[in-house]
Amino acid sequence: MYRYDQFDHEFVNARVAQFRDQVDRRVSGALSEDNFKPLRLQNGVYLQLHAYMLRVAIPYGTLNGAQMRMLAHIARKYDRDYGHFTTRQNIQYNWPKLEDIPDILADLASVEMHAIQTSGNCIRNVTADHFAAASADEVADPRPYAEILRQWSTVHPEFLFLPRKFKIAVIGAPTDRAAMQFHDIGLEVKRGDNGGLGFAVYVGGGLGRTPMIAKKMRDFLPEEDLLSYCEAVLRVYNLYGRRDNKYKARIKILVHETGLEELKKDIEAEFDRIKDSVLKLPDEDVRAIEAYFAAPDFVELPATSAPLEARKASDRSFARWVNQNVHAHKRSGYGIVTVAVKGTGEAPGDASSDQMDVLADLGERYSFDELRISHIQNVILPHVRLDDLPSVYDALRDAKLASANAGLITDMIACPGLDYCALATARSIPVAQDISERFASLERQNEIGELKLKISGCINACGHHHVGHIGILGVEKRGEELYQVTLGGSGDEQAAIGQIIGRGFAANEITDAVETIVNTYLGKRLSDDETFVETYRRVGPQPFKDALYPSVPEAA
Amino acid sequence: MATLFRGHVAEEDTFIPLEGEQPLPSGEDILVSLSVFEENLDMLRSRNSGRLGVLLEAGEELESLSQHLDLIDLIGLDFPSFADGRSFSKARLLKERYGFAGEVRATGDIRIDQVGHMRRCGFDTMLITHAPTVKSLTEIKDPALFVHYQPALQRPGAAGERATGPRAWTRRTA
């Protein structure tokens with residue numbers, strides 16, 4: 001994985017010193033909250049309902065044991081002993097004191113981490129496939145490109161005061177595990193006709209109150225043009241993106257209102273003017289970044305493991321966990337472990353300091369000192385020997401991290417909602433907890449099969465409800481929380497935005513509604529192999545409407 | 001009360017802002033809006049003493065001036081609010097794309113924490129009203145960073161920023 005050189009250390013240390021000065025000025029009163037706000041936002045500091053919140057970047061979701069242990073240390077020393085992994089491969093601390101934040105940033109810098117541009121109207125943490133360099137379907141590791149983009153976008157002087165936030169995701173496989181098409185720029189690494197590496201470029205995706213699937217701007221962009229093309233997109237957006245209404249300020253609206261072809265012409269014209277400038281990537285520099293992500297020292301192993309098979313035969317819970325949470329690795333004898341940070345009745349993505357320490361140990365000991373954070377708010381051990389799975393499972397179980405629910409209905413995404421967030425209009429966590437408890441039986445979850453349920457506590461859609469097979473959006477109506485249901489969304493390569501199924505449900509009705517939807521699916525599916533979303537695509541919304549709203553007469 | 005800065009040095013602002021129907025004084029440095037500039041183009045062209053500046057609002061396009069840059073000594077780019085970053089891109093385009101050799105000046109809502117970014121995008125001068133920013137600049141308490149992860153303004157012969165970093169895209173302020 002990437003390691004800081006002297007330049008990177010110098011940069012983050014200078015940035016910490018700069019922010020320490022800004023906090024000092026704020027605390028002394030020399031800087032008003034109004035003037036401090038854009039500065040703190042660009043350092044990941046929000047003001048929430050009850051306290052400041054600090055959002056720390058985990059660039060493209062990759063970290064090592066020492067970094068995970070530092071995240072635990074920060075939770076223990078400066079916060080309330082837990083952190084919240086987010087859908088953008090960040091971690092949030094909900095209760096830091098403002099005066100402590102410069103020290104937290106210094107602690108992070110000591111392990112080559114930062115909180116730069118995790119909020120504000122600038123280019124945010126660049127995300128990537130959490131199975132990068134481990135899955136068999138990959139063309140190339142997306143992370144070297146994400147790292148190059150991270151560097152280029154960090155404190156880019158031209159793009160710190162954009163119309164709105166700007167999110168970039170990179171995937172390296174045809175299977176989209178990073179919701180790439182729902183980003184402002186989505187990049188898919190692929191090979192061109194001449195065999196060289198490059199990208200399919202998508203622009204203008206996003207969720208929020210106007211969800212849109214990104215449009216393909218380029219079928220193939222050569223590797224060397226990565227930064228020039230992104231700079232062209234950002235410059236056009238900075239100049240022409242709307243600034244009169246923050247809800248219409250994302251680049252998706254510019255694409256929509258200008259029209260794809262015309263905007264593409266502007267972007268390509270800008271790109272033509274700068275593509276042979278200093279931003280053209282020299283091959284040796286790309287290869288040097290790539291070398292940081294060289295494969296670990298895998299050994300030749302048989303495809304099957306005797307200790308694994310023996311334990312599976314004797315322990316049903318273990319067998320179920322392996323079946324659900326371990327994915328095929330590109331190397332024989334290894335597996336990709338998904339640690340579901342989704343214990344029954346827990347807030348999705350919340351991990352305690354002790355749990356983070358356990359994960360750090362496991363990453364160091366069993367996964368070549370590497371961990372990942374997924375956009376589904378889980379932790380991944382990307383390179384585990386099949387022989388080691390029993391030991392890993394036992395340690396996870398002791399830490400209450402062995403939920404065998406990866407990809408199932410209780411492996412849901414939920415935003416922090418009204419329990420923490422100043423923007424929220426309804427609570428998310430209690431709804432997630434209630435559904436999690438209702439469907440706690442693993443037999444039942446396995447019978448239902450793959451089902452992605454996502455919950456947002458307001459229209460800003462941090463919980464990705466638009467792309468949930470079942471999406472739940474909490475709104476406030478006449479002083480009551482009301483939950484709207486969307487069906488059929490999908491954040492993968494078959495990108496789709498869920499359709500609103502009908503009137504919303506009260507907090508005490510929503511879990512029943514989810515159960516009705518699930519039971520309708522079970523009654524309609526052609527076989528156990530037809531997943532929820534496949535059935536929905538085949539039968540459409542009507543059977544679900546009929547089941548949810550039985551008293552509503554059929555439309556003529 | 002506004003103070004004009006070139007780097008950390010305050011200097012006298014010789015440009016007189018003109019509004020609407022006023023006659024154009026000869027011999028003075030004048031600063032006009034884009035609409036005044038466009039309406040009085042012939043008169044401005046025939047003027048033979050005093051320098052000419054044009055102030056561009058954040059929403060006005062550079063293309064309107066691109067044919068007349070040889071007439072213009074100064075272009076002011078406005079920041080109507082701290083959060084409106086359009087003029088950063090325009091400063092770069094003026095210097096890089098259009099090869100404008102005159103003064104590019106930042107005006108409006110400017111804070112100390114943006115000054116470094118403005119310099120990197122090609123602003124020569126800044127007209128600053130925000131008192132704490134005037135104070136910080138005067139005292140050379142400038143929080144700008146000296147290492148950069150990307151090349152900014154590309155200007156032939158530009159001094160100050162060098163590609164001495166470990167990778168092609170990194171820069172260091174000398």
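Start by selecting Val475(A), which is partly exposed, because 16 other C-beta atoms lie within 10 Å, a count below the 20 that would make a residue buried and above the 12 that would make it exposed. Keep in mind, as you move around, that this is a predicted model.

**Around Val475(A)**

Colour strand S18 of chain A, residues 470-477, and you will find Val475(A) within this strand. Now show the residues in contact with Val475(A), leaving aside its neighbours within four places in sequence: they are Thr425(A), Ala426(A), Leu482(A), Gln484(A) and Gly504(A). For a sense of distance, add Ala17(A) to the selection. The C-alpha atoms of Ala17(A) and Val475(A) are separated by 41 Å, and the two residues are 458 residues apart along the chain.

**Chain A as a whole**

Zoom out and switch to a cartoon of chain A, where 18 helices and 21 strands come into view. The radius of gyration of chain A is 23 Å, close to the 24 Å given by the globule rule for 556 residues, so chain A is as compact as a globular protein of that length. If you draw a box along the principal axes, the C-alpha atoms of this chain fill roughly 60 × 60 × 60 Å. Colour by burial next: 55% of the 556 residues in chain A are buried. A contact map is worth opening too, since of the contacts in chain A with a separation of 6 or more, 67% are between residues 24 or more positions apart.

**An open sheet in chain A**

Which strands should you pick for the next stop? Select S1, S2, S5, S4 and S13 of chain A, which form an open sheet of 5 strands in the order S1-S2-S5-S4-S13, with antiparallel pairing. Strand S1 (45-47) and strand S13 (350-352) of chain A are at the edges; each has a single partner strand, so one side of each is left without a neighbour in the sheet. Turn the view to look across the strands: neighbouring ones are turned by 30° against each other on average, direction ignored.

Inside this sheet, look at strand S2 (residues 52-57) and strand S5 (residues 90-93) of chain A, an antiparallel pair with 4 bridges. Label Arg55(A) and you can find its bridge partner in S5(A), Gln92(A). Then bring in helix H12 of chain A, residues 353-366, which packs on the sheet and touches strand S4 (82-85) and S13 of chain A. The direction of H12(A) makes about 85° with that of S13(A).

**Where chain A meets chain B**

Show both chains and select the residues in contact between them: 34 from chain A and 30 from chain B. On the side of chain A that touches chain B, the elements giving two or more residues are helices H1 (6-28), H2 (33-41), H5 (143-153) and H6 (226-240). H1(A) supplies the largest share of this side, with 7 residues. Coloured by class, the same side of chain A has 17 nonpolar, 8 polar and 9 charged residues.

**Last stop: strands of chain B**

Finish by hiding chain A and selecting strand S1 (residues 3-6) and strand S8 (residues 125-128) of chain B, which run antiparallel and are joined by 3 bridges. Leu4(B) has Leu127(B) in S8(B) as its bridge partner. Add strand S7 of chain B, residues 103-108, which pairs with S8(B) in the parallel sense over 2 bridges. Here Arg105(B) stands opposite Thr125(B) in S8(B). To trace the connection, follow the chain from S7(B) through helix H4 (residues 112-121) of chain B to S8(B), a β-α-β crossover that is right-handed.

Notes
Residues numbered from 1 in each chain as written. Chains lettered and ligands numbered in written order. Predicted model: local features only at pLDDT ≥ 70, side-chain atom pairs only at ≥ 80, totals over all residues. Contact = placed C-beta atoms within 7 Å. Nonpolar A, V, L, I, M, F, W, Y, C, P; charged D, E, K, R; others polar. Pairing = 2+ DSSP bridges. Right-handed = clockwise from strand over helix to strand, strands pointing away. Axes fitted to C-alpha atoms, helices over the stretch in contact; angles between N-to-C directions. Rg over C-alpha atoms; globule rule 2.2 N^0.38 Å.
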